[in-house]
Structures are given as structure tokens and as C-alpha cells.
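User: I'm new to this structure and would like a close look at a single part of it. Could you start where the chains meet, or wherever you like, and walk me through what sits around it?

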2 protein chains.
Amino acid sequence: MLENSYYSQDVHGPFELHDIGNLELEEGGTLRGCKLAVATQGRLNAAKDNAILIPTWYSGTNKIIEQVLIGPGRALDPDKYFILIVNQIGGGLSTSPHNTPAPGGMAHFPRVRIGDDVRAQHRLVTQTLGLESLALVVGGSMGAQQTYEWAVRYPEMVKRAAPIAGTARNTEHDALFGEMLVEAITSDPGFAKGFYRSSDDVREGLLRHARMWAVMGWSTEFFQAKRYRTLGFSSVDDFILNFMFAYFRVMDPNDLLCMAWKWMRGDVSRMTGGDLRTALGRIKAKTFVIPMSSDMFFPPADCQAEWRLIPDSEFRPVETNDGHLALFGADPGAIAQIDRHLNELLATEVS
Amino acid sequence: MLENSYYSQDVHGPFELHDIGNLELEEGGTLRGCKLAVATQGRLNAAKDNAILIPTWYSGTNKIIEQVLIGPGRALDPDKYFILIVNQIGGGLSTSPHNTPAPGGMAHFPRVRIGDDVRAQHRLVTQTLGLESLALVVGGSMGAQQTYEWAVRYPEMVKRAAPIAGTARNTEHDALFGEMLVEAITSDPGFAKGFYRSSDDVREGLLRHARMWAVMGWSTEFFQAKRYRTLGFSSVDDFILNFMFAYFRVMDPNDLLCMAWKWMRGDVSRMTGGDLRTALGRIKAKTFVIPMSSDMFFPPADCQAEWRLIPDSEFRPVETNDGHLALFGADPGAIAQIDRHLNELLATEVS
């Protein structure tokens, strides 16, 4: 267990911690007294049919989703919907390597899969909140992975699904990128096999990790247009240090690695013996598949190949030069397109 | 100085070593008795107007260029042309960190720029070979950088130019990728600040470097299509180990770093005070700009932006799923397209 003031109500709150009990994991471990950090907005209506669930992405928490995607007059409108953002396991706010006591914490934290997150979230929304359906599950990147997992695992419950910039089964290319990120961190001698004293000990690894995110997370168009200047940075070096590294350096390396392990192995076809067509064929949700046009590791073509296997679905790419990290919301045009797609999706009648 | 049997006549020959004398470098160092490793095919005609110069790319030597691009009946036909492939400085066959005696070798090898290579090559072809013009300069990747440097620096001499999968001024995104590669190697404790005993000491770093090349060098389409299977590898892991790592592990880390430093800083506008338009405007060669459609770090859009600034030029993208590493020649369709473009270029009349 490691103190880390980044993962706090001050920085990410308000959120509530829900203890969902022991969670037995697909890989054999158990999270004892698993806690999910949940931020909510709006109110559940009497019919209990206006709930929207948003799982979080790699390194992201409820906070950025609130800032980028939610608001009155937006598609995700708290005046109309009961919106739950559930922070993923390992994300730092829910049960994670850094906040789990020895001997089960730090590098001894067990392997967690996307399916574990979704089973945990299902337990939360059905048992704690008594929900029987979700009007929409929407998430970006690893949030898209969880969205797909929800739609395949609980098809009756998910009425609409909007996986943004993510896939149902991780590609081999994407997994290689994940491995690069993992190695950036673990190769730092300061990582000390996961038993460092503070994130600062892993400074070099986190900086390498930040640089890789700069290369793959944005796009060649982003750099061609010097978009980092628009974002307030005078040069690439300034941007790498004061945006990318500033963002990651405060995070817990084991937490990042826990998420990366999950991300690299996201695969809904684990539920159908490896048959992706059958898995995606189970989906009953009206689904909008929403990739980012310039995404370098969840590219539109990979998302499109999956979209073809989803019964009631539409392919809705977002045009942007910000690549995968358009999720950060720095391109207002991309966010407007997402809003438009989500508005249309929420307006569709479902049974 | 380090023995390394990879950089030998057995593996890359036949080639000849030409001593071009002392080369003073742009960054202030001097290569004393600079040697260029040159492979030639065909014969110079009486008019001395059939010479084709091919500079090499990062980690590549004359050998792969011979295998992939040259042959009777091909565009680069030794029955018609006198073809010189000049191995770049730092590439392992020409003067390089690993083959330079102490104290100037290994990590003390001076900084070399693309412009230094091209001045060295110019000295070779004018003074040693007595050439006054080049019918064509063609090269891929760092070979494209040298091609652009030739066309801007010696516009009267270069009649035709074909930069393939490379740019005249390196982009900021591309330089970040280069920095990732550098860090993959230098962060290995076995690198020992560049004074390792053998490439094996830097095994981990070279493996990380190989994986990054797998992620950025091919393309998402390459992995979607499982192209590595067509190439004879059973899985991604098999491919990473027995192709990508097998390729890089025998190379000298300081040699790779010497090339990476050059690559990241390639910029013809250094000759015109940073003005790229003026630099490219100097080009008199009939120029075909030939990017690979799925290239992740020399993407068509970046090449196209430069193409617009070159007076007598055509934009000739190659359709391929092999990304930047289509240069390896594993996609016969891509190679056929390059051949066609080069045939057309060589058929154009020039003054």
C-alpha cells in the first residue's frame, strides 16, 4: 500500500466507494472487499429506465469523463439521465494495486480482466442499485472494451451501446503497443519489480511511457498541424514534459500496469470459445461503433471489421486529427460529433 | 572498436571500401580516413550519364537493396545502368562507431548528419569516380532523406530523384519515434553508456527496439491480415523474436544510435536558414515522391506536403499493407509499384 494524493476526492471527487464484497477473478485471484469508486449525476426515474453507465479508460477516471462528455443540454444530460461513472479496477480510485494492503497489493495484485470489471459493475448496479436495464453503456478506449463486454455478457440488460475508440477483441498490434508501454515502466531499475517507494522512483520509466503515448496517442496530423501549440505548449519538448509527463508522472506504476494487462487481453470472444462472430452476434443493444479517424492503435478499419458482426449497429467514425486522445476533449469538433452520435443513439426506440 | 562478424563481406558483400580522406562534420567532429562501403553493379557508359546512386536506410545495407530493388529487367537494371549503393556512415560497413578505433569509436563517435553523408558521397562520386551527373538518386527512408539532401545540395548534378518512404525535413512526430528507439537501447543497463562488450550485452534494449519497430514499422492492417503468417511465422511472438529481433540483435547498438541521431535531424532546410520552401525549390531533378500508403511515421500526408514545394515533381504513393517496412520487399505488389514508378521516372527526358 502506498500513499498517493493523486487518487483522492480532492482531485477526482466527488465519488462514492461501494464495497461489492469479494470478487473472484477469472485468472484465479480474489479481490477481498472489492471497492468500486462511482460518481453519479442525475436521478433514476420511477420507471428505472434512464440509467447510463460509463466505464473508464486507461489512466482516466470519472473526472475527465464528467468534464468532456457530461452536462445539461449535452447528449449525456444529467437532467434527463441517471449517469453512473464507474472507475475501473486498477484505475487508482477503485480497488487497485497501490491501495491494497500487503501482501496482495503492489506487484502482488492479482491479474484482472475486463470481464471481472464488468461482473463487478453488474453486481453493483443490480444488487446495490436494483437496476434491471441500462439505457446506454458508453465508454472510450478501455471503456469501449467494457462496453462491448457488457453488451455481450448481459445482452438483455443493455439497451444501447456506444463503444468509442476501442474494440471488442483487442488486436495483436494493439497488444504489442501495450507491451511497449509495460516495458517502458518495468525496465526502469527504480521500478524494483513493482516494490518502489513512490512514483518518483519510476520517473524515467514514466517519462518513456509518456513519450510513447505522445507518439501513438495523437497522430501524425496532430504534429503536422502543431496542435500542441493550440493546447498551450511552445514546443514538442514542452508538450512532452508539461502535458504528457505531467499527466502520467503522478500515477501509480502498478496501477497503470494492472490496466495495461487487462487492456492488452480484452476479448469478448472468451465468452464463446474464441468465436468473435458468435459473441458479437449476442448483442441486443442498438450499437453505434464510434472510432476516431486518425487513431493509430484502435484504427477505424479494426473497429469496422467488428461492427459488421454486430446485429443492430451503425458505424459512426469521428473525424479528428487528435487520434486516440481526442478522448481528452481537446478537439471540440470531435466532441461535437460524439455528442451528435450519442443524441441520435439515445433517441432510437428500443424494446 | 568491437569485432562484429555481421558487418562483413560474408554477410553483405561484395562491397569495396573507399577511403575518401578526412571528413569534417557539420557538428564539429572529424572522421579521419573516412571509409565508404560501396557496392556496384553494371558499367558506366562512355557518356558517363547512366549512373544511379542509392544511399542506404536505417539498419539496411547494400545487400537488401540489391535483393529488393535491383535486377535485369527491373527498373534498376544493371544491364543499362551503373548502379552504386553507398552504405551510410554509421551503418556498420562504412566508417561507424563499432569499427572506429579508440578514442573516437563506440560512444565517442562524433555526431554525423545526413548532409555529412551526402558530402562524403559527393566526394566519392566526383573525385574517385569522376562523375559529373547522376541519372537518378533513389533511396528509402533514411535513403530518401539522403536523396532529398542530394537534390537540394547538388541540384545541377541530380537529374532524377526518387525519395521513397521518407521526408526532406523530418517531422516532429517522426523525431519522437526516433527518441523512443534511442531510449529503448540506452535505457538497458547493459548498454553501459555505450561501452558494452558485445551486442549481446544490450539484448533487452535491442529486443525493446525490435518490438517498437514491429508496432510502428508495419501497420495495423498488416496485423489485421496476419501478414506475419504469410512471411512464415506462426504467431506475433514468433514473429517478434525470430524476425524482428533476429534482424536487430546482431547489429551494433552504437551504430544504430548514430543512424537514429542523423535520421531524427534530417532537414534540407538547414541549407536555407530553415526555409523549407526555398530549399525544395532549388531542386532541378525530375522528382517522384513515393510514400507507402500505410506508413505510420512517414505517412503520405507528410510526404505530400513536401511534394507540393518541389518544382518538377509527381506524387506517387504506393498502396500496401506493409507500412514503412514494405521496403523489406515482402509485399510483391508494393515492389511492383515502385518498379513501375522508377521505370516511368527513368524514361522521362531531362536536360
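Analyst: Let's start with one residue, F243(B), in what is a predicted model. F243(B) is partly exposed, with a relative accessible area of 24%. That puts F243(B) in the middle class, because partly exposed covers the range between under 20% and over 50%. F243(B) belongs to helix α9 of chain B, which runs over residues 236-248.

Who keeps F243(B) company? Setting aside residues up to four places away in sequence, F243(B) touches W218(B), F233(B), D238(B) and F328(B). You can also check a spacing on screen: 33 residues along the chain separate F243(B) from A210(B), and their C-alpha atoms are 9.1 Å apart.

Now for the place where the two chains meet. On the chain A side, 27 residues are in contact with 27 residues of chain B. The area buried between chain A and chain B comes to about 2700 Å², and carbon and sulfur atoms give 64% of that. There is a charged side to the story as well: the rule finds six salt bridges across the interface of chain A and chain B. One to look up is the bridge between E183(A) and R211(B), where the closest N and O atoms are 2.4 Å apart. The interface of chain A and chain B also has 14 residue pairs in polar contact, both residues being at pLDDT 80 or more.

Which parts of chain A build its side of this meeting place? At least two residues each come from α5 (172-186), α6 (203-217), α7 (220-224), α9 (236-248) and α12 (300-307) of chain A. Of these, α5(A) gives the most, with seven residues on the side of chain A that touches chain B. Sorted by type, the residues on that side of chain A are 15 nonpolar, five polar and seven charged.

Next stop, still in chain A, is R227(A), which lies in helix α8 (residues 227-230). Is R227(A) buried or exposed? R227(A) is buried, because its relative accessible area of 14% is under the 20% limit. Apart from neighbours within four places in sequence, R227(A) is in contact with F222(A), D322(A), A330(A) and D331(A).

H18(A) makes a good companion to look at. H18(A) sits in strand β1 of chain A, residues 16-19, and is buried as well, with a relative accessible area of 18%. Beyond neighbours within four places in sequence, the contacts of H18(A) are C34(A), K35(A), L36(A), V38(A), L124(A) and T128(A).

C34(A) in that list leads to the cysteines. How many disulfides does the structure hold over all chains? The count is zero. Take C258(A), which is in no disulfide: the nearest cysteine sulfur belongs to C34(A) and is 11 Å away. The copy in chain B tells a matching story, because the sulfur of C258(B) is 11 Å from the closest cysteine sulfur, in C34(B), too far for a bond. For scale, a pair of cysteine sulfur atoms must be within 2.5 Å to count as a disulfide. As for surroundings, C258(A) counts as buried at 9% relative accessibility, and C258(B) is buried with a relative accessible area of 9%.

Finally, a few backbone oddities. Most residues other than glycine have a negative phi, and most peptide bonds are trans, so exceptions are worth a glance. A cis peptide bond joins A102(A) to P103(A), with omega about 5°, and P103(A) has its place in the loop between β6 (82-86) and α3 (114-128) of chain A. Over in chain B, A102(B) and P103(B) are joined by a cis peptide bond too, with omega about 5°; P103(B) is in the loop between β6 (82-86) and α3 (114-128) of chain B.

M106(A) is found in the loop between β6 and α3 of chain A as well. Its phi is near 45°, a positive value in a residue other than glycine, and M106(A) counts as buried at 8% relative accessibility. In chain B, look for A165(B), whose phi is near 55°, again positive in a residue other than glycine. A165(B) is in the loop between β8 (160-164) and α5 (172-186) of chain B and, at 0% relative accessibility, counts as buried.

Note on methods. Residues are numbered from 1 along each chain as its sequence is written. Chains are lettered from A and ligands numbered from 1 in the order in which they are written. This is a predicted model: local features need pLDDT of at least 70, side-chain atom pairs count only at pLDDT 80 or more; totals for chains, interfaces and linings use all residues. Side-chain values use heavy atoms; hydrogens and water are left out. Contact means heavy atoms within 4.5 Å. Buried area is the accessible area (1.4 Å probe) that two parts lose on being put together, summed over both. A salt bridge is a side-chain nitrogen of Lys or Arg within 4 Å of a carboxyl oxygen of Asp or Glu. A polar contact is a pair of N or O atoms within 3.5 Å; within protein, one must be able to donate a hydrogen and the other to accept it, and residues adjacent in sequence count only if both atoms are side-chain atoms. Helices (H or I, at least four residues) and strands (E, at least two) are DSSP runs, numbered from the N terminus. Ala, Val, Leu, Ile, Met, Phe, Trp, Tyr, Cys and Pro count as nonpolar, Asp, Glu, Lys and Arg as charged, and the others, Gly among them, as polar. Buried means under 20% relative accessible area, exposed over 50%, partly exposed in between (1.4 Å probe, protein chains only).
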